[in-house]
Amino acid sequence: RGFAGLMWSIGVVAEIVMFLFMPRFVARYGIGELFLFLLLITSARWLFIGLFGENLVILLAAQFLHAFSFAVAHSVSIEVVRTHFVEGRQSQGQALYSSLSFGAGGALGALGSGVLWHAYQEFTFVFASFATSIAFLAVYFGMKKDKIV
């Protein structure tokens, strides 16, 4: 429990630092490019954990990749809500975002990963990496040429 708590703490501190830089990243790169990049980083993180979970250095690197990917995902999502929901409806957009991502998405993700974990532990992370890579390809090839999100 102590090691897991330490790793979690490192990730949370890194997330806070990332949130400080996110307005600059969004302004410089745009939300579409950042979203694509976070999918690549997330895919790599899952793969590293699945294949090298016994390596402390790789686990630490994975925590920092998680911090980056979480900060980017949340910042991009909030920016999409801010720009796609009119003034006065943004709180409803944020409620929808939270319900679908943290609520329904979290529940389905926990269920799916629990089933996979029960069948074959290491495959769960490799499968997550594969699924994230498929998501990257779907977003990349599904983007409109001039407008990403």
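In this predicted model, R82 is partly exposed, with a relative accessibility of 46%. R82 forms a salt bridge with E79, and the closest N and O atoms of the pair are 2.6 Å apart. E79 and R82 both belong to helix 3, where they stand three residues apart, so about one helical turn separates them. A search of the whole structure finds one salt bridge.

Helix 3 covers residues 56-84, a run of 29 residues. At 1.5 Å a residue, helix 3 should span 42 Å, and the C-alpha atoms at its ends lie 41 Å apart, in agreement with that expectation. At the start of helix 3, the backbone nitrogen of V57 has a side-chain oxygen of N55 within 3.0 Å.

The buried residues of helix 3 are L59, A62, Q63, A67, F68, S69, A71, V72, S75, V76 and V81. These buried residues pack against three other elements: helix 1 (2-29), helix 2 (31-52) and helix 4 (90-119).

L65 is also found in helix 3. When neighbours within four places in sequence are left aside, L65 is in contact with I41, R45 and F48. Two of these partners, I41 and R45, are among the buried residues of helix 2. In sequence, L65 is 78 residues from M143, and the C-alpha atoms of the two residues are 24 Å apart in space.

Helix 2 was examined in the same way. Its 22 residues should span 32 Å at 1.5 Å a residue; the C-alpha atoms at the two ends are 31 Å apart, which agrees. Several residues of helix 2 are buried, including the leucines L34, L36, L38 and L39. Also buried in helix 2 are I31, I41 and I49, the glycines G32 and G50, and the residues T42, S43 and R45.

Helix 5 comprises residues 121-142 and contains I134. I134 has a relative accessible area of 42% and is therefore partly exposed, as this value falls between the limits of 20% and 50%. I134 contributes to a nonpolar surface patch of about 860 Å². The other contributors to this patch are Y120, F123, F127, F130, L137, Y140 and F141. Membership of such a patch requires over 30% relative accessible area, and the 42% found for I134 is consistent with that requirement.

Key:
Residues are numbered from 1 along each chain as its sequence is written. This is a predicted model: local features need pLDDT of at least 70, side-chain atom pairs count only at pLDDT 80 or more; totals for chains, interfaces and linings use all residues. Side-chain values use heavy atoms; hydrogens and water are left out. Patches are made of residues with over 30% relative accessible area and no salt bridge: like charges are joined within 9 Å, nonpolar side chains (Val, Leu, Ile, Met, Phe, Trp, Tyr) within 5 Å. Accessible areas come from the Shrake-Rupley method with a 1.4 Å probe; for residues, only the protein chains shown count as cover. A salt bridge is a side-chain nitrogen of Lys or Arg within 4 Å of a carboxyl oxygen of Asp or Glu. Helices (H or I, at least four residues) and strands (E, at least two) are DSSP runs, numbered from the N terminus. Buried means under 20% relative accessible area, exposed over 50%, partly exposed in between (1.4 Å probe, protein chains only). The expected span of a helix is 1.5 Å times one less than its number of residues. Contact means heavy atoms within 4.5 Å. A polar contact is a pair of N or O atoms within 3.5 Å; within protein, one must be able to donate a hydrogen and the other to accept it, and residues adjacent in sequence count only if both atoms are side-chain atoms.
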